Amino acid sequence: MLRRLLLPLFLTAALAACTVPDASVAGEKAASEVAQTGADAAARPDPTDWRIDGDTSWVHVRVYRSGRLARFGHNHVVSSHSLAGWVRPTPRIEDTRFEVTLPLASMVVDDAAARALEGAEFSAPVPDSDRAATRANMLGPDLLNAGRYPMIRVRSIAVRGGPDAAVATTSIALAGATVEVGFPIEVSRSASALTVRGEVSVTHEQLGLTPYSALLGALRVRDDIGLRFELTATPFQEDMTL
């Protein structure tokens, strides 16, 4: 459904309609990484940084059906529990920096537990064949192009506000493009863990994406995308490899 997401943190994820694509991305190798621009250039990890815990961090992307034939489609939840990266916690939240990566291969379409968490709009069952077709479209060359750009990367530009109501401005690189997106976050910290939560609605246009459309628009993706995430970071040990 998305021409290029997730997350939000994130991110951005994306979803194609339940139609089998013309070409599969299975077995494709990554041809290039997303280019780093000056706006993306966050500092690399150092011993003061904390590692994002992939076992406890997650992102959900909610995508909605629309159009005259919407009853033949489904609302979908795309999720991942394979986030990686680092956070640089500081006494002043304005000085906080972070980088998060999401491998597109980790994205799951309509995991039962994720759908249950996202409420009544996602209570209807989705056939396995539709889930598989949706994922193939999502990762295909006309959408996220995961064969060539296998990673979504989110880097901080600025963080403003207090821990309970901060706003993070980020650079999001996906499918060979980079966009700037701001979203609200809530930060809590203990001696051994830092947790960042957020939920926001964004549009395809904000993310530089084109909503999926079929049958002359009779079956299409709604413009708004819901993002919900929770990131947990813990102090790095001796291994600094991301």
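Here is a short chat between a visitor and a guide about this predicted model.

Visitor: How many helices and strands does the protein chain have?
Guide: Let's walk along the sequence. The pattern reads β-β-β-β-β-β-α-α-β-β-β-β-β-β. Counted up for the protein chain, that comes to 2 helices and 12 strands.

Visitor: What share of the residues in the protein chain is buried?
Guide: A residue counts as buried when its relative accessible area is under 20%. The protein chain has 242 residues, and the buried share of them is 51%.

Visitor: How much accessible surface does the protein chain have, and what part of it belongs to carbon and sulfur atoms?
Guide: For the protein chain, the accessible surface is about 11300 Å². The part belonging to carbon and sulfur atoms is 52%.

Visitor: Which strand has the lowest confidence, and which has the highest?
Guide: Start with the whole picture: the protein chain has an average pLDDT of 76, and 72% of the residues reach at least 70. Going element by element, the low end is a mean of 66 and the high end is 96. The lowest is strand β11 (residues 213-214), and the highest is β6.

Visitor: Where does pLDDT stay under 50, and how many contacts beyond four places in sequence does the model have there?
Guide: Where pLDDT is low, the predicted coordinates should not be read in detail. So take this one with care: the stretch is residues 1-43, and its contact count is 142. Residues 238-242 are below 50 too, and their contacts beyond near neighbours in sequence number 11.

Visitor: Is D110 buried or exposed?
Guide: D110 sits in the loop between β6 (108-109) and α1 (112-117). Its phi is near 60°, a positive value in a residue that isn't glycine. The relative accessibility of D110 is 6%, so D110 is buried.

Visitor: What about A175, buried or exposed?
Guide: A175 belongs to the loop between β8 (165-174) and β9 (177-189). A175 also has a positive phi, about 50°, without being a glycine. With 16% relative accessibility against a cut-off of 20%, A175 is buried.

Visitor: How far apart are the C-alpha atoms of V63 and H74?
Guide: V63 is part of strand β2 (residues 58-66). Its relative accessible area is 0%, so V63 counts as buried. Along the chain, V63 and H74 are 11 residues apart, and their C-alpha atoms are separated by 8.9 Å.

Visitor: Why is strand β3 largely enclosed by the rest of the structure?
Guide: In a regular strand the side chains alternate between the two faces of the sheet. In β3, H76, V78 and S80 point one way while V77 and S79 point the other, and all of them are buried. Strand β3 (residues 76-80) is largely enclosed because its buried residues number 5 of 5.

Visitor: Which residue in β6 stands opposite S79?
Guide: Strands β3 and β6 run antiparallel, and 2 bridges join them. Across from S79, in β6, stands V108.

Visitor: How many salt bridges does the structure hold?
Guide: Side chains of opposite charge can pair when their charged atoms come close. One of these pairs is D95 with R92, whose closest N and O atoms are 3.0 Å apart. D95 is partly exposed at 37%, and R92 is partly exposed at 49%. The total for the structure is 11.

Visitor: How far apart along the chain are R155 and E99?
Guide: The side chains of R155 and E99 form a salt bridge, at 2.9 Å from N to O. R155 lies in strand β7 (residues 151-162) and E99 in strand β5 (residues 97-103), so the pair links distant parts of the chain. R155 is buried at 6%, and E99 is buried at 2%. Along the chain, the two are 56 residues apart.

Visitor: Which strands hold E230 and R197?
Guide: E230 and R197 make a salt bridge, with their closest N and O atoms 3.1 Å apart. This pair ties together parts that are 33 residues apart in sequence, because E230 is in strand β12 (residues 219-235) and R197 is in strand β10 (residues 194-203).

Visitor: Which residues are linked in a network of salt bridges?
Guide: A salt bridge here needs a nitrogen of Lys or Arg within 4 Å of a carboxyl oxygen of Asp or Glu. The residues linked in the network are R62, E118, E199 and R228.

Notes
Residues are numbered from 1 along each chain as its sequence is written. This is a predicted model: local features need pLDDT of at least 70, side-chain atom pairs count only at pLDDT 80 or more; totals for chains, interfaces and linings use all residues. Side-chain values use heavy atoms; hydrogens and water are left out. Helices (H or I, at least four residues) and strands (E, at least two) are DSSP runs, numbered from the N terminus. Buried means under 20% relative accessible area, exposed over 50%, partly exposed in between (1.4 Å probe, protein chains only). Accessible areas come from the Shrake-Rupley method with a 1.4 Å probe; for residues, only the protein chains shown count as cover. pLDDT is the predictor's confidence in each residue, from 0 to 100. Contact means heavy atoms within 4.5 Å. Two strands pair if DSSP finds at least two bridges between them.
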